[in-house]
Amino acid sequence: METSNESSRTDFILLGFSDQPQLESIISVFVFIFYIVTLVGNTTIILVSYLDTQLHTPMYFFLSNLSFLDLCYTTSIIPQMLVNLWGPKKSITYGGCVLQFFFALDLGATECLLLAVMAYDRYAAVCQPLHYTVIMHPELCQKMVLTSWLGGLGSALIVCSLTLKLPRCGNRKVDNFFCEMPALIKMACVYSRVIEIVVFALGVVFLLAPLSLILISYGVITQAVMRIKSAGRWRKVLNTCGSHLTVVTLFYGTIIYMYMKPQNTTSQEQGKFFTLFYTIVTPSLNPLIYTLRNKDVKSAVKRILVIDKCSAKA
């Protein structure tokens with residue numbers, strides 16, 4: 001039996017969609033477009049939130065972190081994916097696979113916690129408006145974001161160390177378009193009950209628990225919104241909260257399906273398309289959802305553009 005150390009001397013082969021070659025060119029164009037949208041959209045949110053002083057609030061501090069996270073997440077996956085789709089080789093080095101696996105887990109888990117933090121921020125803004133600035137003071141916001149990043153890092157270290165120790169018996173084929181945990185576990189030539197229990201436990205902590213907190217927060221927010229008599233404020237609350245809830249639904253819906261089900265019950269082809277959605281589509285939709293439904297961001301972009309024009313004329 002080949003050990004994981006022996007396996008590390010060879011490259012891995014990312015099968016991706018090679019069993020459907022007629023789809024590869026279409027998928028590559030689709031992925032490239034969504035990646036450009038992700039880069040432009042998330043970079044715009046980060047810059048606008050930094051440059052416009054009116055957006056120096058907890059909500060946009062968290063949104064900037066989410067945008068930065070999405071930039072890192074997609075960049076850890078898509079460039080290698082495009083190289084494999086456009087080129088004859090489908091390989092990735094062992095070291096590259098480990099890094100891709102680690103960063104995808106780390107950033108994915110961090111996003112789960114960060115979305116829960118953002119839901120608490122919306123709860124405080126809607127349900128405790130008079131005390132909002134006291135509750136969500138800058139130091140607390142920084143601690144909440146740091147906890148999210150450290151939590152993601154811790155979970156990634158645990159899962160990576162367990163998964164990479166599984167013997168693969170010479171199997172080098174990763175049946176996915178990047179080195180993701182379900183595909184790497186299926187490469188193993190032994191069944192590991194321990195890793196399944198650990199993954200399920202971490203899934204409860206990083207998926208079900210944050211989602212439960214988000215749903216509770218929005219349950220309370222819904223009750224508060226029903227009592228709002230001002231039509232203008234009612235619409236503003238629905239816009240900001242609706243944006244976040246849309247992102248939550250898109251992200252958690254697909255990722256829970258992939259990670260909380262027993263790995264042997266998920267169709268591999270079906271799993272690839274679900275993975276494609278939460279790794280590529282959702283990060284590109286986040287900036288569109290937040291900007292198209294948010295007057296504050298659109299107004300900030302206009303102010304910055306006006307300032308730039310005035311500076312150019314001067």
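These legends describe close-up views of a predicted model.

**View 1. Cavities in the predicted model.** The structure holds 5 cavities of 30 Å³ or more. The largest cavity has a volume of about 280 Å³. Its lining counts 21 residues. Closest to the centre of the largest cavity are Leu 105, Ala 109, Leu 207, Ile 255 and Tyr 259.

**View 2. Helices around the largest cavity.** Four elements are named here as giving two or more residues each to the lining: helix H5 (94–127), helix H7 (138–164), helix H9 (193–226) and helix H10 (231–259). H5 supplies the largest share, 6 residues.

**View 3. Chemical make-up of the lining of the largest cavity.** The lining residues divide into 17 nonpolar, 3 polar and 1 charged.

**View 4. Packing of H3 against H5.** Helix H3 spans residues 58–75. The axes of H3 and H5 lie 10 Å apart, and the two helices pack at an angle of about 165 degrees. Angles over 145 degrees count as roughly antiparallel, so H3 is roughly antiparallel to H5. Their crossing is left-handed.

**View 5. Annotated transmembrane spans.** The unreviewed UniProt entry places the feature "transmembrane region" at residues 26–48, 60–78, 98–123, 144–164, 197–221, 242–260 and 272–292. Two of these spans are described here. Residues 144–164 are 100% helix and 0% strand, with end C-alpha atoms 30 Å apart. Residues 242–260 are 95% helix and 0% strand. The end C-alpha atoms of residues 242–260 lie 26 Å apart.

Notes
Residues are numbered from 1 along each chain as its sequence is written. This is a predicted model: local features need pLDDT of at least 70, side-chain atom pairs count only at pLDDT 80 or more; totals for chains, interfaces and linings use all residues. Side-chain values use heavy atoms; hydrogens and water are left out. On a 1 Å grid over the protein atoms alone, a cavity is a set of points where a 1.4 Å probe fits but cannot get out, and a pocket is an open set with protein on both sides within 12 Å along at least five of seven lines; lining residues have an atom within 4 Å of a point. Grid points are joined across faces, edges and corners, and a volume is the space filled by probe spheres set on the points. Ala, Val, Leu, Ile, Met, Phe, Trp, Tyr, Cys and Pro count as nonpolar, Asp, Glu, Lys and Arg as charged, and the others, Gly among them, as polar. UniProt positions are given in the numbering used here, feature names are shortened, and annotations may be inferred rather than shown by experiment. Axes are lines fitted to C-alpha atoms, for helices over the stretch in contact, and angles run from 0 to 180 degrees between N-to-C directions. Angles under 35 degrees count as roughly parallel, over 145 as roughly antiparallel, 65 to 115 as roughly perpendicular and the rest as oblique. A crossing is left-handed if the near helix is turned anticlockwise from the far one by less than a right angle, and right-handed if clockwise.
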